[in-house]
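Trainee: Got a minute to go through this one with me? I'd like to start with how the chains meet.
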Number of protein chains: 2
Amino acid sequence: MSGLRFIFEPASVAVVGASNNPKKFGNIILRNILESGFRGRVYPVNPKERVIEGLDCVDSIPNLKEAVDVAVIVIPADLVPKVVRDCGQRGIRGAIIISGGFRESGERGSRLEKCVAEEGKRWGMRIVGPNCQGVNNPHHPICASWPLFTMKGEIAIISQSGTIGTDFADLACLDHIGISGIASMGNKTDVDEADLIEYFSEHQGTRVISLYIEGVKRPEKFLKALKGCPKPIIVLKSGRTNRGKVAAESHTASLAGNDEVFDGILKQNRIYRADTYEEFYDFSKALAYLNRPKGKRVTFITSSGGAAVLAVDIADRMGLEISPIPSDVKEMLKTFVPPGASLRNPIDLTGDGDSPMFRKTADLIRSHCDTVVYIFGDPIVGASGIVRRDASELIIFMGGAEVERKEKTLMQKMKVPVFPTPERGIKAFSQVFKFSSIDKVE
Amino acid sequence: MSGLRFIFEPASVAVVGASNNPKKFGNIILRNILESGFRGRVYPVNPKERVIEGLDCVDSIPNLKEAVDVAVIVIPADLVPKVVRDCGQRGIRGAIIISGGFRESGERGSRLEKCVAEEGKRWGMRIVGPNCQGVNNPHHPICASWPLFTMKGEIAIISQSGTIGTDFADLACLDHIGISGIASMGNKTDVDEADLIEYFSEHQGTRVISLYIEGVKRPEKFLKALKGCPKPIIVLKSGRTNRGKVAAESHTASLAGNDEVFDGILKQNRIYRADTYEEFYDFSKALAYLNRPKGKRVTFITSSGGAAVLAVDIADRMGLEISPIPSDVKEMLKTFVPPGASLRNPIDLTGDGDSPMFRKTADLIRSHCDTVVYIFGDPIVGASGIVRRDASELIIFMGGAEVERKEKTLMQKMKVPVFPTPERGIKAFSQVFKFSSIDKVE
């Protein structure tokens, strides 16, 4: 086993600082490892306890029965260098240091962090953190982090902020699309975004990689990782304004750098960039779950004229082609659409539109465009029954209240992403064209 | 009773086309009127039924016991002109025509709509619709619309799209802030945005007015209404691009007009404009529920460094002033914040930050800035206990999963708006400065 697989796919784990106090992270993380369905061996380490969460407790790393793959360390910062050395001596190759009190807390902490890094290097260890929220790999599975997310998906999150990683995973789980991994980087004393991009490049469960960073310390290594990654990477980088740069420096002592230079690097390497946190999530969801269309011709089918006008405005701005409806298709549509329906594109079935009408319309128009955009306005019962996982389709649902929530859940469980507003849906969808020659195919 | 009060605050209602079939709008609307808590008299009108929803049914308008304040009409388009005439003759002054099949459906429909308009004028009636989703006034209360929303709030929605009105109200009710009214305008054959702005200008429950339109037919009347309205108006107008204009014309035969001209008119009249549907909602929520600060100086208190950097980036772009923390305040903060905390602005309490720490920090800093921005990252138990309804505060909550959802609900029930991302929160908050001289006060 090489690289970071020790850390993300361990067969055995020690939790140093495991606790019986349910409020302490030493207990929360241990429970999450157990409750995430981890099938390997788990060793709580704490000199003051004999049994934690039903497991025999070991007093120290040297007394462990085996050299575990990874040690999760949740103890006061002062004690961490010694424990890292113990791990190295015991032959443990991976460590996740949750504890704070290092570089982010001043000079004394910086010295401690330096000791940790040196010990790690000396023994050939790989270290995530310190001052991080751990890692989660629902495909292994193991959740050496909090809160407990277990829903398997296809997006891996690498985050310099614990909160942003957590919020992203929470959104993905509420959306029933789940996650393929979370890596909270903390102070990045050893493992950084470049290592993690490399790891998730080869991670089978991961289809896209979503990266939140405030700055890059080792630009060459970062560039190499970007170039070597065959999967779409979506980046949200903060610290873009002058005041933001100062704040980023306070947060993780990151050098935010020149934003135009950074932007150029991303573009050259075909990396998707989000301007806001919400775009970060939407773009990731779109690139992970939307099928690639053959070209830019879209046809809107809607039951809401208003939502469709908003969709056309943004589609026009994003350079999509709103393709004409052939006259023979119009004739066939006339046989079943309601009197007030509009047969131009958007095809507006009006408030009388229902699922069977949407389906019949889509079947008629599909071969005349590259993507069918469904805009389900109002409660369209059975909407989930007509969308297709294997076609290029974009789903926007709004104004459907309880019916919308039910149908949306059903669709997203089938891995068909649903977007809540025309603007968010179209903007996310348009990303699939960004670095492709798709528009030249037609 | 004058103007539109017949329609929004009736003492008696007839539902023409009332039905016993729970799938028909003639039944759904009747039930919603009853279930919304309407305290007036309700008369189902249908020649084929004797009792509907437990109420005695009348066979026709001429046989009504009294001239009701408003007739809700849900019958085939062909029959509508006759019923409007009956209403006029019977002395009924208000009508809400739900039925479609008018101007939006072609020439025959246009002729029918013209008849309806002429009958209405002849008898001095005010008509909402046709082809609309009705009206809802939770403060009266009466919901002559669908779905049933009863949560009283302070935002009135005027919408040229039924779906957008419904989705907006649904968001507001999920957010526990409710609505003060919904008016679905449909074809605007008589009552239009100008009339409705005038009505809600004087409506006691309404603090802000949110208007979705695709075009304005009577610009002078519209301008007069804008100028006369003392409350903030937020406008979302679609049909801004060339393709969008064509779509708007298809939808409601609106002349979308020149967007720059429209934008100029809004600015001159101090009307807030949203670029996207989500901004439309966020800006409305901010303008209805945020207290007005004395100036642009903000202090961020956060438990998430990452979310704070995103917030600073957007705050810098929106022209907010990120005020320095006085050194005596820093000294006092040092007595209780965790070791890794940052005492610059943003004040970062780190992941160890909890409610009491947020409260103590806010108490120390409040007098040194105009607005305290709380960024609750992670599950901050008791967050709702520390925010203040009477101060200028902005609340952003993310990464808190179940705890976040619980605390957010508690806050919004107290009419303290909570925003889900730094960008959405700061952008919405910044609207309060748009047409004010607040920044010149300091």
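Mentor: Sure. One definition before we start: a salt bridge here is a side-chain nitrogen of Lys or Arg within 4 Å of a carboxyl oxygen of Asp or Glu. Also keep in mind that this is a predicted model.

Trainee: OK, so how many salt bridges does the rule find across the interface of chain A and chain B?
Mentor: The rule gives 4 salt bridges there. One pairing is A:R405 with B:D170, at 3.1 Å from N to O.

Trainee: And how many residue pairs are in polar contact between the two chains?
Mentor: The count is 26, with both residues at pLDDT 80 or more.

Trainee: Which element of chain A gives the most to the side touching chain B?
Mentor: That's α11(A), with 9 residues. By type, that side of chain A divides into 17 nonpolar, 22 polar and 18 charged residues.

Trainee: What area do chain A and chain B bury between them?
Mentor: About 4500 Å², with 56% of it on carbon and sulfur atoms. In chain A, the residues losing the most area to chain B are A:T163, A:R243 and A:V309, together 13% of what that side buries.

Trainee: Switching topic: what's the strand order in the open sheet of chain A?
Mentor: The 5 strands run β2-β1-β5-β6-β7, with parallel pairing.

Trainee: Why do β2 and β7 each have one side without a neighbour in the sheet?
Mentor: Because β2 (41-45) and β7 (126-128) of chain A are at the edges, each with a single partner strand.

Trainee: How many bridges link β5 and β6 of chain A?
Mentor: There are 4, between residues 70-73 and residues 94-97. A:V72 on β5 sits opposite A:I96 in β6(A).

Technical notes: Residues numbered from 1 in each chain as written. Chains lettered and ligands numbered in written order. Predicted model: local features only at pLDDT ≥ 70, side-chain atom pairs only at ≥ 80, totals over all residues. Heavy atoms only, no water. Pairing = 2+ DSSP bridges. Helix = DSSP H or I, 4+ residues; strand = E, 2+ residues; numbered from the N terminus. Buried area = accessible area lost by both parts, 1.4 Å probe. Polar contact = N/O pair within 3.5 Å; in protein donor to acceptor, adjacent residues only side chain to side chain. Nonpolar A, V, L, I, M, F, W, Y, C, P; charged D, E, K, R; others polar.
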